[in-house]
Amino acid sequence: MSYTIEGKTGTWEIVVGLEVHAQIISHSKLFSGASASYGGEPNTHVSLVDAGFPGMLPVLNRECVAQAVRTGLGLRARINLESRFDRKNYFYADLPTGYQISQFTHPIVGEGTVEIELADGTVRHIGITRLHIEQDAGKSMHDQDPARSFIDLNRAGVALMEIVSEPDIRNPEEAGAYLRKLRQILRYLGTCDGNMEEGSMRADVNVSVRKAGEPFRTRCEIKNVNSIRYVMHAIEVEAARQVEVWEDGGEVDQETRLFDPARNETRSLRSKEDAHDYRYFPDPDLLPLVVEQEWVDELERALPELPDDKRDRFIRQYGIPRYDASVLVAEQAIADYYEEVAKGRDARLAANWVTGDLFGALNRTGRTIQDSPISAQALGGMLDLMADKTINGKIAKEVFEDMLETGDSAADIVERKGLKQVTDTGAIDAAVADVLARNADKVEEYRGGKDRLFGFFVGQVMKAMAGKANPAIVNEALKKVL
Amino acid sequence: MSLDPATVRRIARLARIGIDESDLQSLQGELNGILGWVEQLNEVDVEGGSPMVGTGHAALRTREDVVTDGNCREAVLSNAPDAVGPFYTVPKVVE
């Protein structure tokens, strides 16, 4: 799908690369034994290591390394058996040591790829440049006091993965699809909860524009965008701004910018003079990180089935369309629910009920699949009643609504309301005869060639039998008489 | 390699160290002295050797992912010049 900007001087295309900071799920911090959990009283999840006290030494959390390796494997990326930690030096009040421990020259994960799917069904591959491990900073609060900023270091030292994409993204939709896919993979792996509101996943967006066929022009980095929608908006407005700058004869400066969603604009954030002068050097407190291939293999064997693999298996195993399969694997819990319903049943029918009526019901009631008012077993029980022809599709809708409301089983509802499908041909024949007798004129028209009226007769018979007749038998009976 | 006065000024600013113009020349001399001393390492022939980070052969120490530290706010804030309640405070920084 092509997305371009029509300028005064011609057509421009957008080039985007994303740096995603994903907080690693772990109990304790990357280099200290303080708790890594969110919340907590200010400055209680802090050790003297995190607070940058003199003489404190960092000791690496092995599980954080495992989480980064799992993520690398999930991104089909190269795992670097030897990597190193560097110091990135800058001054900010929520960075007590004056440097962030990161991986600059030797990251733990190298090139990989993420497959994205767009609304029109196009599949694209976005390259991953690298993934490295680093520390998060603390939190500054600027609204507590007119003259002072308040600092809480609970988050300082929590482990992050920075996941850097190649500049392969060409429009806002692809950026959105990439972030959603990345979040899905992280959640499947259990390496990051992907919660952008709480800041456990945030994106820096690199944007530049160019005329078709040109090499890359200067890019700007939009820092810390905290929702997928904002990332998409930021790309749009920043690209438009750059086109205007170039077309007015100006130059785009390489700088860090901030996206202001309220005003839907980006603006320059730091004086560029000192920006990116981080004076990286190897952290003398930490030896190179060496991991064994055997350990990596062990982690790989224990990985869960990834979304793309699960989708392909669903298509193969259950014979459902690719679109349905993609929807069903969006979250692991949904996929598990579906598989429970589909097990030993009509898998296509199961997919229709889960993606149709169930999703609709969850939407209406504001529930998630985890606290679905209808369990997978209960929905399966209803499908069983359809399969053995106890109820037809129309009655099933009614039963489903009742289940939603009362939480009763499908069988109980059918019993309570007397909804059992009528397959007694005698009763159906009688209803057919009655309907035809009352609509003699329409029967004439039908016999005169107005075939469409067949549906009318079916409807009337079903209505006469309160919807409980077996539709196949009704069709059969009508055809016979007409 | 030798540093000019502008580079010395820049290094000082990056390190947030205020220096008087009158000190610039002596600082430049001192820094260049240090660099010159380290530059002697260039005389060593390292052709064919792989990069090394130290002379020890120890592996990086790691720890289990368990919470063993924290909950020591008093100690954490003990050096803070202007703590307010449970927080450090600094002169307002807003970009």
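**Figure 1. A loop residue of chain B, B:Asn71, sits between a strand and a helix.** In this predicted model, the loop that holds B:Asn71 runs between strand S1 (62–63) and helix H3 (73–76) of chain B. Take a moment to look at its backbone: B:Asn71 has a positive phi of about 50°, although it is not a glycine. Most residues other than glycine have a negative phi. Is B:Asn71 buried or exposed? With a relative accessible area of 65%, B:Asn71 is exposed, because exposed here means over 50%.

**Figure 2. Chain B as a whole is built from helices and strands.** Stepping back from the loop, you can count three helices and two strands in chain B. Starting at the N terminus, the elements follow the order α-α-β-α-β. Chain B is more spread out than a compact globule, because its radius of gyration is 22 Å, well over the 12 Å that the globule rule gives for 95 residues. Its C-alpha trace spans about 55 × 45 × 25 Å along the principal axes. How much of chain B is buried? Buried residues account for 18% of its 95 residues. The accessible surface comes to about 7300 Å², and carbon and sulfur atoms contribute 56% of that. Chain B also carries 8 positive and 15 negative charges, and the mean positions of these two groups are 11 Å apart.

**Figure 3. Chain A, the partner in this view, holds 15 helices and 17 strands.** Chain A, too, is more spread out than a compact globule: its radius of gyration is 30 Å, well over the 23 Å that the globule rule gives for 482 residues. Along the principal axes, its C-alpha atoms fill a box of roughly 95 × 55 × 50 Å. Of the 482 residues in chain A, 52% count as buried.

**Figure 4. Strand S13 of chain A has a paired strand in S12 and another in S14.** Strands of a sheet pair through backbone hydrogen bonds, either parallel or antiparallel. Both kinds of pairing appear in this close-up. Strand S12 (residues 201–211) of chain A runs antiparallel to S13(A), and four bridges join them. Here A:Val205 stands opposite A:Ile222 in S13(A). With S14(A), by contrast, S13(A) pairs in the parallel sense over three bridges, and A:Ile222 stands opposite A:Arg257 in S14(A). Why is S13 described as largely enclosed by the rest of the structure? Five of the six residues of S13 (residues 220–225) are buried, so the strand is largely enclosed.

**Figure 5. A hairpin in chain A joins strands S14 and S15.** Following S14 (residues 256–260) of chain A leads us to S15 (residues 265–268) of chain A. These two strands run antiparallel and are joined by four bridges. To find one paired position, look for A:Phe259, whose bridge partner in S15(A) is A:Thr266. The hairpin has four residues between the strands, and A:Asn264 takes a positive phi near 50°.

**Figure 6. A:Arg279 lies in the loop between S15 and strand S16 of chain A.** The strand that follows this loop, S16, covers 281–282. Phi of A:Arg279 is near 45°, a positive value in a residue other than glycine. Where B:Asn71 is exposed, A:Arg279 is partly exposed, with a relative accessible area of 34%.

**Figure 7. Three strands of chain A form an open sheet in the order S6-S5-S16.** The pairing in this sheet is antiparallel. Which strands stand at the edges? They are S6 (99–102) and S16 of chain A; each has a single partner strand, so one side of each is left without a neighbour in the sheet. Strand S5 (residues 86–89) of chain A pairs with S6(A) over four bridges in the antiparallel sense. Look there for A:Arg87, which stands opposite A:Ile101 in S6(A).

**Figure 8. Residues 336–482 of chain A carry a UniProt annotation.** The unreviewed UniProt entry labels this span "domain: Asn/Gln amidotransferase". The span is 71% helix and 0% strand, and its end C-alpha atoms lie 48 Å apart. One residue to pick out is A:Asn352, found in helix H8 (residues 347–365) of chain A. A:Asn352 is partly exposed, with a relative accessible area of 45%. From A:Asn352 to A:Ala440 is 88 residues in sequence and 39 Å in space, C-alpha to C-alpha.

Technical notes:
Residues numbered from 1 in each chain as written. Chains lettered and ligands numbered in written order. Predicted model: local features only at pLDDT ≥ 70, side-chain atom pairs only at ≥ 80, totals over all residues. Heavy atoms only, no water. Rg over C-alpha atoms; globule rule 2.2 N^0.38 Å. Buried < 20%, exposed > 50% of the residue type's maximum accessible area, 1.4 Å probe, protein only. Areas by Shrake-Rupley, 256 points an atom, 1.4 Å probe, with all protein chains shown as cover. Lys, Arg positive; Asp, Glu negative; His and termini not counted. Charge placed at Lys NZ, Arg CZ, Asp CG, Glu CD. Pairing = 2+ DSSP bridges. UniProt positions renumbered as here; feature names shortened; annotations may be inferred.
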